[in-house]
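I open my notebook and look up the parts of this structure one by one. My entries follow the order in which I checked them.

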Amino acid sequence: MDRPNYITPVGYAALKAEYDQLLGTERPAIVEIVSWAAGNGDRSENGDYLYGRKRMREIDRRLNFLARRMKAARVIDPARAEDRSRVFFGATVTVADEDDERRVVTLVGDDETDAASGRIGWHAPFARALKGASVGDLRTVQLPGGAREYEVLAITYPEA
């Protein structure tokens with residue numbers, strides 16, 4: 001990884017919960033099914049065995065991915081931000097474009113993005129354009145439809 005994997009405490013907890021659920025619940029259940037199916041004889045036509053092995057590989061890949069992401073994670077608590085007047089990791093920012101359409105986004109780690117709820121990744125173009133901005137600043141964002149200019153209306157951080 002060439003850049004730090006910033007993540008909020010809530011995002012890290014979600015990764016850890018998924019890892020624990022896969023490792024502690026789902027994978028042992030699949031291992032049991034595969035063991036049972038392997039004892040039934042011919043494995044080449046045994047759907048439980050074939051599907052179980054496939055699902056186990058998927059789970060192992062996901063566990064490996066989650067382990068690497070958690071190992072590289074650098075947990076940053078936005079509630080402890082020192083400079084709350086500028087946009088940094090964890091900030092919730094209200095912006096308005098040229099048509100005065102308002103948008104509220106929260107800058108979070110790349111592993112916890114959710115565009116539908118306004119949580120955008122720290123390395124996304126929109127977030128990169130907002131980094132370091134203060135209330136009243138104008139920022140130009142390169143979007144697929146062309147460049148748009150946004151004005152920063154408000155910056156908030158979670159309370160400690």
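**Entry 1: the lining of the pocket**

I start with the lining of the largest pocket. I sort its residues by class and get seven nonpolar, three polar and two charged. I keep in mind that this is a predicted model. The volume of the largest pocket is about 150 Å³.

Next I look up which residues form the lining. Near the start of the numbering I find Thr8, Pro9 and Val10 among them. Asp77, Pro78, Ala79 and Gly90 also belong to the lining. Further along, I add Thr106, Leu107, Val108, Arg119 and Pro158. Two elements, α1 (9-38) and β4 (102-108), give two or more residues each. Which element gives the largest share of the lining? I find that β4 does, with three residues.

**Entry 2: the sheet**

I follow β4 into its sheet. The sheet is open and has five strands. I write down the order as β5-β4-β3-β7-β6, and the pairing is mixed. Which strands lie at the edges? They are β5 (119-121) and β6 (138-143), and each of these pairs on one side only. From one strand to the next, I read an average twist of 45°.

I add a reminder from general knowledge. Strands in a sheet pair through backbone hydrogen bonds, in a parallel or an antiparallel way.

**Entry 3: β3 with β4**

I take β3 (residues 92-96) first. Its pairing with β4 is antiparallel and has five bridges. I look up two residue pairs here. Thr92 has Thr106 of β4 as its bridge partner. Thr94 stands opposite Val104, also in β4.

β3 and β4 form a hairpin, and five residues lie between them. I check the loop between these strands and find Asp100 there. Asp100 is not a glycine, yet its phi is positive, at about 60°.

**Entry 4: β4 with β5**

Now I turn to β5. How do β4 and β5 run, parallel or antiparallel? They run parallel, and three bridges join them. In this pairing, Thr106 stands opposite Arg119 of β5. I recognise both names, as Thr106 and Arg119 are also in the lining of the largest pocket. Thr106 has come up before as the partner of Thr92 too.

**Entry 5: β6 with β7**

I move to β6 and β7 (residues 146-156). These two strands run antiparallel, and six bridges join them. I look up one pair: the bridge partner of Gln142 is Ala147 in β7. β6 and β7 form a hairpin as well, with two residues between the strands.

**Entry 6: two helices**

I finish with the helices. Two packed helices are described by the angle and the distance between their axes, so I look for both values. The axes of α1 and α2 (residues 47-72) come within 9 Å. They cross at roughly 155°. Because angles over 145 degrees count as roughly antiparallel, α1 is roughly antiparallel to α2. Is the crossing left-handed or right-handed? I note it as left-handed.

Last, I sort the residues in the contact of α1 with α2 by class. I get 19 nonpolar, one polar and ten charged residues. One link back to my first entry: α1 is also one of the elements that give two or more residues to the lining of the largest pocket.

Definitions and conventions:
Residues are numbered from 1 along each chain as its sequence is written. This is a predicted model: local features need pLDDT of at least 70, side-chain atom pairs count only at pLDDT 80 or more; totals for chains, interfaces and linings use all residues. Side-chain values use heavy atoms; hydrogens and water are left out. On a 1 Å grid over the protein atoms alone, a cavity is a set of points where a 1.4 Å probe fits but cannot get out, and a pocket is an open set with protein on both sides within 12 Å along at least five of seven lines; lining residues have an atom within 4 Å of a point. Grid points are joined across faces, edges and corners, and a volume is the space filled by probe spheres set on the points. Helices (H or I, at least four residues) and strands (E, at least two) are DSSP runs, numbered from the N terminus. Ala, Val, Leu, Ile, Met, Phe, Trp, Tyr, Cys and Pro count as nonpolar, Asp, Glu, Lys and Arg as charged, and the others, Gly among them, as polar. Two strands pair if DSSP finds at least two bridges between them. Axes are lines fitted to C-alpha atoms, for helices over the stretch in contact, and angles run from 0 to 180 degrees between N-to-C directions. Angles under 35 degrees count as roughly parallel, over 145 as roughly antiparallel, 65 to 115 as roughly perpendicular and the rest as oblique. A crossing is left-handed if the near helix is turned anticlockwise from the far one by less than a right angle, and right-handed if clockwise.
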